[in-house]
Amino acid sequence: MLQGKKFLVLWTLILMTLMLLSLSTITIASRSEEGKVRVIIGLRNYNVKAFQERCNSCVIHLEIPELNVVVIEIPKSIVNYLSKLPFVKYVEEDNVVGIFEVQWNVEIINTTLVWSTYNSTYGDAAYGYNATIRVAVLDTGIDYQHTDLSGAVDYCIASLRNTKTFYKGTNLKNCNDQNGHGTHVAGIIAARLNGQGVAGVAPKAILYAVKVLDASGSGYISDVAKGIVEAVKGPDNIAGTDDDADIISMSLGGSHSNTLYNAVLYAYSYNVTLVAAAGNEGASQPSCPACYPEVIAVGAIDSNYSVPDWSNRNPDVVAPGVDILSTWTKNRYVYASGTSMACPHVSATIALIQALRLASGLRKLTPSEIRELIVSTAIDLGTEGYDEIHGYGLVDTYAATTTALTMHK
Ligand SMILES: [Ca+2]
Ligand SMILES: [Ca+2]
Ligand SMILES: [Ca+2]
């Protein structure tokens, strides 16, 4: 209260001085920002330069002489008083104009309907959280310090070109992202629903960062295979336990490899669902590991439901993959395109499915059940039924989760 009163007295003095248009300057002691509001002052018969001269210790955050406005921070209690001053045309709050946190890509697959429908009954499971559900992101690492990924990563597996660098543990620094790609993918899955930045499809899901690609975005097939095996085993190094990854999300691809396929089969045998990007070569078939029948292959669509030329044909399903806004290194947000962006939409959808299944007292679905569920609930696009451009269609998070809660009871 005292602080507030002091503010008021101080500011009244300042404003009275301004009213007198005295040539003396004003000194304002620096204070805590508490109780202050950022306002735009539209000036009348008085230019910005003059305002500045008479208030040279005012912290003017911005001035736009062409519009005769200045931006300053003042105690909320004097806004009304200020607006009545003769040289003030108007005072308005300088509100934050943000991007919409929930972007088109999350809306178009009906994810917000999942959140709003199931949150009241199943709590955080509606946002992809369950104590035992983990999505392993095999990529360039994850910027785990990004404010929009706060608490999203709880384990690191790094297998990068050299067995000496192999790491498995909770020191997330070893899985930090020097590229941005992995952080973008992680954000599409699990960026937090926190009123800022963007939101992922499963904004309370927990991730394992599995760094198998280097700063340039490439890595050996053996690193990917090792990453799959280690993600399956999880922190306790035993496959088939609660801490195993449940979903392995692979926004990467290349040619067929026996070793890679065996790693896929290993994961599949432990009921880990695998999802991969179809690839961006405009090829007639998905690249590998998306090429394997045990892996859900995801192609890209844009916001007009069109599949770009570069999205490899014959995917299982398609998901948003053109101009997707997501998290990036150094706390940034970046638009990116590729089947790499499409893949994590499906991975996150599966996290929602499994978390909701467990929350409702049902068992987790097996990879083959998940695949059947994802393709059968997809929104058919293009020619009726399966077609080589859209696969079975656009993944529908709401239809998939709703069906998941009624099947295999
Ligand atoms: Ca957010
Ligand atoms: Ca385990
Ligand atoms: Ca179709």
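Me: Happy to start looking around this predicted model! How many of the 10 residues of helix 6 (residues 181–190) are buried?
Reply: Welcome! Helix 6 is largely enclosed by the rest of the structure, because its residues fall in the buried class. Among them are His-181, Gly-182, Thr-183 and His-184. The count of buried residues in helix 6 is 10 of the 10.

Me: What covers the buried residues of helix 6?
Reply: The cover includes both strands and a helix. Among the strands are strand 8 (206–211), strand 13 (324–328) and strand 14 (332–336). Strand 5 and strand 9 belong to the cover as well, and the helix that takes part is helix 9.

Me: Which strands does helix 9 lie across, and what is its angle to strand 11?
Reply: Helix 9 spans residues 339–359. Under it come strand 5 (134–139), strand 9 (247–250), strand 10, strand 11 and strand 12, for helix 9 lies across each of these. Relative to strand 11, helix 9 runs at about 125 degrees.

Me: In what order do the strands of the eight-stranded open sheet stand?
Reply: Eight strands make up this open sheet, and their pairing is mixed. From one strand to the next, the twist averages 25 degrees. The order is 7-6-8-5-9-10-11-12.

Me: Which strands stand at the edges of that sheet, and why is one side of each left without a neighbour?
Reply: An edge strand here has a single partner strand, so one of its sides has no neighbour in the sheet. The strands in that position are strand 7 (167–169) and strand 12.

Me: Are the faces of strand 11 covered or uncovered?
Reply: In a regular strand the side chains alternate between the two faces of the sheet. On one side of strand 11, Val-295, Ala-297, Gly-299 and Ile-301 are buried, and on the other Ile-296, Val-298 and Ala-300 are buried. Seven of the seven residues in strand 11 (residues 295–301) are buried. Both faces are therefore covered, given that buried means under 20% relative accessible area.

Me: In which sense does strand 11 pair with strand 10 and with strand 12?
Reply: With strand 10 (residues 273–277), strand 11 shares four bridges; there Val-275 stands opposite Ile-296 and Ala-277 opposite Val-298. Four bridges also join strand 11 to strand 12 (residues 317–320), where Val-318 is the partner of Gly-299. The sense of both pairings is parallel.

Me: What is the order of the four-stranded open sheet?
Reply: The pairing in this sheet is antiparallel. Its edge strands, strand 2 (62–64) and strand 4 (88–93), each pair on one side only. The order of the sheet is 2-3-1-4.

Me: Which residue of strand 3 stands opposite Ile-64?
Reply: Strand 2 and strand 3 (residues 69–75) run antiparallel and are joined by three bridges. Opposite Ile-64, in strand 3, is Val-69.

Me: Which protein residues are the donors of the calcium ion (ligand 3)?
Reply: These donors lie 2.3 to 2.4 Å from the ion, and along the chain they follow the spacing D-L-x1-T-x1-G-x1-D. Leu-381, Thr-383 and Gly-385 each give an O atom, while the aspartates give OD atoms. In chain order, the donors are Asp-380, Leu-381, Thr-383, Gly-385 and Asp-387.

Me: Is Thr-383 buried or exposed?
Reply: Leu-381 has 11% relative accessibility, so Leu-381 counts as buried. For Thr-383 the value is 54%. Because the exposed class starts over 50%, Thr-383 counts as exposed.

Technical notes. Residues numbered from 1 in each chain as written. Chains lettered and ligands numbered in written order. Predicted model: local features only at pLDDT ≥ 70, side-chain atom pairs only at ≥ 80, totals over all residues. Heavy atoms only, no water. Donors = N, O, S within 2.8 Å, 3.2 Å for Na, K, Ca; no water. Buried < 20%, exposed > 50% of the residue type's maximum accessible area, 1.4 Å probe, protein only. Helix = DSSP H or I, 4+ residues; strand = E, 2+ residues; numbered from the N terminus. Pairing = 2+ DSSP bridges. Axes fitted to C-alpha atoms, helices over the stretch in contact; angles between N-to-C directions. Contact = heavy atoms within 4.5 Å.
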